[in-house]
Amino acid sequence: MRNLLQLRNWRLKVLLALVGLLTVLYLLTYSSANIWSQHSSAQNRSTAYYLLPWQSNSILKHSSTNSTFKYNGTATQRPCSQAAHPSTTYYLRHFRSIFIVDPATHQLTIDHQGNPSKISSEVRTDSRSSAVKNKLIVMYNMPEWIKRGSDAELFGHCPVSTCNLSTNYDADRVAADAVVFHDAPSHKPVPPRAFPDQVYVFHMIEPPPIAGSGYQNTSWNSAFNWTWTYTQDADIWVPYFFLERSKQLPCLNVIREVVQRKDTPVAWFVTNCQLDQTQRIAYVNRLQKILTVHVYGRCGTMKCPRMAKECDDMLTTKYFFYLSFENSYCQDYVTEKFSRAFFQGVHVVPIVRGGLDYSQHIPEGTFINADDYRSPEDLGKYLKELMNDEGTYIDMLWRIAHFTTATYHDSYTYSWCQLCDKLHRLQDNSKTYPDLFEWYHEGRCWPPKKL
């Protein structure tokens with residue numbers, strides 16, 4: 001009897017030991033899987049985008065990356081709550097880009113170097129100009145399209161706000177900490193600086209093919225200390241738009257109802273028919289052979305007031321896609337026409353074609369890049385497929401709805417903050433451009449690929 005009890009106890013101990021061993025092996029395997037998953041996420045910030053919490057037989061082919069990912073093909077299964085699809089929302093709301101601002105503080109999430117903010121609140125006083133509390137900025141030749149505004153409107157919201165603006169160069173040039181020249185007025189001589197550390201700023205928001213280069217062989221070419229342009233490596237960066245993360249997402253039923261009213265494939269608003277460095281008119285002419293493209297403005301037969309709300313309403317109710325084709329292929333050049341698709345309540349998918357690295361700065365699934373297709377005909381065929389795939393198209397509109405457009409005035413105002421901040425940190429920003437033409441023109445632009 002005793003031997004039988006000992007045998008049973010021995011068997012029980014072996015069983016418990018085996019169970020313990022299996023438990024340890026399971027935990028080790030699970031832990032390794034988690035570690036590997038975290039490592040993969042660190043390598044690819046879009047990992048969460050592909051690990052959506054729902055499954056579907058439908059596959060959304062996203063042209064900008066030539067990749068595929070599953071999405072919820074049945075839009076009715078999505079309630080309005082963002083919590084129902086945390087992976088997608090997490091990716092979209094945490095996408096880091098210099099074009100996306102925080103709507104609460106209206107500050108950039110990161111700057112173009114990956115730092116938390118382009119503006120420093122530390123005011124230095126270790127140079128002649130920095131010893132002056134209020135910095136005076138004088139516009140030498142202020143263009144009409146710049147909204148003057150009051151000093152409070154321009155600088156009141158800035159982390160460093162002790163600056164004033166004057167448009168009277170003759171009266172205030174002697175006291176100016178910075179003189180801003182819109183373009184380089186090469187038909188005039190460079191005016192002498194009032195004192196050695198008076199800053200001369202070159203301001204231009206047009207790409208090189210439009211801006212011109214009349215200053216190349218003049219003294220203006222080496223006259224400037226700072227640049228103020230749309231390029232991300234400028235001393236003062238002024239984009240044509242900012243995007244803000246939406247505070248409230250629309251119901252999918254609302255988007256579906258909008259989509260079901262649409263009846264025309266593509267709209268294009270264009271005013272400049274002469275400058276066609278990107279061959280966009282030839283591109284659209286070939287695209288029109290595959291599907292309907294309504295062209296508004298000077299280059300087309302249809303009319304709608306430029307940037308009018310009635311045009312935005314028409315995009316929502318009538319068109320599936322909206323062409324955002326830039327007039328030049330230049331580094332970082334993307335204009336406000338792209339942001340139109342992100343206006344509040346406008347439900348249309350933008351098709352982009354330009355020099356910006358769109359996939360780096362704009363979340364996937366919110367645009368279609370024409371340059372990802374071999375030809376206008378291939379793009380047209382894909383658009384036809386997408387128009388017939390309601391679930392996929394609605395998914396794109398829902399992703400776009402995660403963002404709204406901040407006005408150009410907002411982005412321009414932010415650039416004034418940068419200028420004011422730099423004037424208070426002159427010691428950190430002392431520089432001169434020995435060859436402005438080389439900086440602004442060389443290697444900035446390129447021809448489009450052959451159609």
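Strands, sheets and Phe269

Reader: How many bridges join strand 4 to strand 6?

Author: This is a predicted model, where local features need pLDDT of at least 70, side-chain atom pairs count only at pLDDT 80 or more, and totals for chains, interfaces and linings use all residues. Residues are numbered from 1 along each chain as its sequence is written, and side-chain values use heavy atoms, without hydrogens and water. Strand 4 (residues 135-139) and strand 6 (residues 178-182) run parallel; strands are DSSP runs of E, at least two residues, numbered from the N terminus. Pairing takes at least two DSSP bridges, and the bridges joining these strands number three.

Reader: Which residue in strand 6 stands opposite Ile137?

Author: Strands 4 and 6 belong to an open sheet of six strands with parallel pairing, in the order 5-4-6-7-8-9. Strand 5 (163-166) and strand 9 (236-237) each have a single partner strand, so one side of each lacks a neighbour in the sheet. Opposite Ile137 stands Ala178.

Reader: What is the bridge partner of Val266 in strand 13?

Author: Five strands form an open, parallel sheet in the order 12-11-13-14-15. Strand 11 (residues 264-269) pairs with strand 13 (residues 319-325) over three bridges. The partner of Val266 is Phe321.

Reader: Is Phe269 buried or exposed?

Author: Phe269 is found in strand 11. Phe269 touches Tyr296, Cys304 and Arg340, among others (contact means heavy atoms within 4.5 Å). Buried means under 20% relative accessible area, exposed over 50%, partly exposed in between, with a 1.4 Å probe and protein chains only. At 15% relative accessible area, Phe269 is buried.

Note on methods. Helix = DSSP H or I, 4+ residues; strand = E, 2+ residues; numbered from the N terminus. Lists of a residue's contacts leave out its neighbours within four places in sequence.
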